[in-house]
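Trainee: Please take a close look with me at the nonpolar packing in this protein. I would like to go through it slowly, together with the charged pairs.

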Amino acid sequence: MIWRQAPGCATLFLSMLAAARASAAISGTAEIAAGVGHDTNMFLQVAPDAAGGGVVGGYFGRAAPALTGALTKGGLRLEVSYAADYRYSAGARHLLWQEMDLSLALPPLGPLRWRVAVEGGRFDASSFPDDGFLIGGGAVDARVALSDSLRVLAAYHFQVRGFTFRPVASQQTDLIHLVDLRVPYRPQSQVEIALDGSYVTVATPATTDGAPFRRARGGLDGVVIWQRLTMLAAAFAGALDVGAGGSTWQMGGVVGARVRLTDHLDVAASFDVTGTIAGPPDGGFSRRVGLLTFIGHATTRTALPTALPTTPPTAPAAAKLRPVIQNGRARLRVHATNASEVRVIGSWNDWAEPGTALALAGAAGVWEVWLPLPVGTHRYHFLVGGRPVRPPEAARYLADGFGGEDGVLEVP
């Protein structure tokens with residue numbers, strides 16, 4: 001009777017049990033971004049509900065370190081991260097945003113993947129000392145994969161901000177990606193299109209005149225990935241309501257590009273514009289931000305605690321499992337007879353999990369995937385039911401430093 005009434009709970013229990021029995025891994029990422037930019041309205045970074053009051057603009061320098069650590073075990077992923085963004089300009093002087101997040105990704109329920117998170121942070125502005133505040137909040141999001149190329153993501157996010165001179169304000173954000181469509185249109189390229197919307201409310205007065213703040217907007221995002229180049233273009237429109245100040249309609253967009261110069265260094269440039277198209281004469285605002293940034297990053301991953309097992313002796317002929325490189329794409333195969341899910345992770349995306357899913361290739365127990373990969377040398381291994389597995393029949397292997405081996409791919 002219990003199983004009939006709560007099949008979701010039973011599935012979750014079995015997923016967590018499988019995760020508890022799977023091997024674990026610890027990963028970490030360190031990143032530092034440094035750059036310069038120009039902002040026509042830095043005050044909006046302090047209090048975007050001020051509807052243009054106290055405009056401060058100019059050139060600024062930026063430094064933004066970030067650290068992330070994660071423990072992965074089966075379908076469970078516990079992650080803690082810290083990020084800071086320090087900006088200095090002659091007009092706004094010092095702006096420092098700090099935030100720490102703790103998130104837990106839970107085992108999937110069929111096509112459903114979900115995550116919960118809590119966060120805390122602080123914002124300080126030396127030119128606006130009354131606008132410094134503490135942040136506390138959390139989020140829950142869920143993603144349903146309708147197919148390999150189509151998914152739906154919904155999220156609920158709330159924040160409580162404690163201003164130095166204002167009443168505590170609770171900011172709630174409802175965000176839904178209505179469509180997230182990924183279309184590989186060339187072996188070396190990929191395009192991602194997302195239709196998204198958001199609704200933000202401040203539950204208690206947060207502006208100096210005591211008026212509530214609400215914002216609703218939606219937009220279309222497009223990303224093109226071509227080898228080491230990632231290009232972004234996005235546009236949005238929406239309404240801003242500041243209570244007594246009336247409602248205004250906004251439009252805006254952003255264009256940007258990021259290039260991976262080396263395995264540990266990227267350069268990025270972006271231009272962001274927001275403006276008012278209709279509303280009260282004194283209620284509008286605009287902002288234009290240009291930014292050039294160099295980003296250094298490093299990632300490490302440690303499998304706990306054992307060596308990677310080799311392919312079972314009952315695997316098919318070696319030729320069927322040997323990697324194939326064609327026109328910038330790699331075909332990867334592994335034999336896993338009783339597996340319900342097989343994925344691959346590698347150095348091409350800094351060993352980010354959950355990785356890319358493989359599909360059954362027709363032969364008994366053989367899983368395969370075609371991956372567009374940039375030119376260069378790549379290391380990889382498979383995850384069978386969350387357990388790391390040494391790639392069969394790789395051209396060569398390199399020790400992972402923990403008793404196992406990663407496969408090596410050479411993409412000419």
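Mentor: What follows goes from the nonpolar packing to the charged pairs. This is a predicted model, in which local features need pLDDT of at least 70 and side-chain atom pairs count only at pLDDT 80 or more, while totals for chains, interfaces and linings use all residues. Residues are numbered from 1 along each chain as its sequence is written, and side-chain values use heavy atoms, with hydrogens and water left out.

A nonpolar core here is a set of buried Ala, Val, Leu, Ile, Met, Phe, Trp, Tyr and Cys residues joined through side-chain atoms within 4.5 Å, where buried means under 20% relative accessible area, exposed over 50%, and partly exposed in between (1.4 Å probe, protein chains only). The largest such core has 20 residues, and those with the most contacts inside it are Leu332, Val342, Val344, Leu358, Tyr380 and Phe382. At least two core residues come from each of β16 (329-335), β17 (342-346), β20 (366-372), β21 (376-384) and β24 (405-411); strands are DSSP runs (E, at least two residues), numbered from the N terminus. If we leave aside residues up to four places away in sequence, Val344 touches Leu332, Gly355, Thr356, Leu358, Val369, Leu371, Tyr380, His381 and Phe382, contact being heavy atoms within 4.5 Å. A second, separate core of 10 residues includes Val56, Leu95, Phe133 and Ile135.

Turning to the charged pairs, a salt bridge is a side-chain nitrogen of Lys or Arg within 4 Å of a carboxyl oxygen of Asp or Glu, and the whole structure holds 13 of them. One joins the side chains of Glu341 and Arg343 at 3.2 Å, N to O; Arg343 is buried, with a relative accessible area of 14%, whereas Glu341, at 32%, counts as partly exposed.

Another salt bridge pairs Arg62 with Asp85, also described by an N to O distance of 3.2 Å. Because Arg62 lies in strand β2 (residues 58-73) and Asp85 in strand β3 (residues 76-89), this pair ties together parts that are 23 residues apart in sequence. Asp85 is buried, with a relative accessible area of 16%, and a network of salt bridges links Arg62, Asp85 and Arg87.

Finally, the side chains of Arg122 and Asp124 meet in a salt bridge at 3.0 Å, N to O. Arg122 is partly exposed at 37% relative accessible area, and Asp124 is partly exposed at 26%.

Key. Helices (H or I, at least four residues) and strands (E, at least two) are DSSP runs, numbered from the N terminus.
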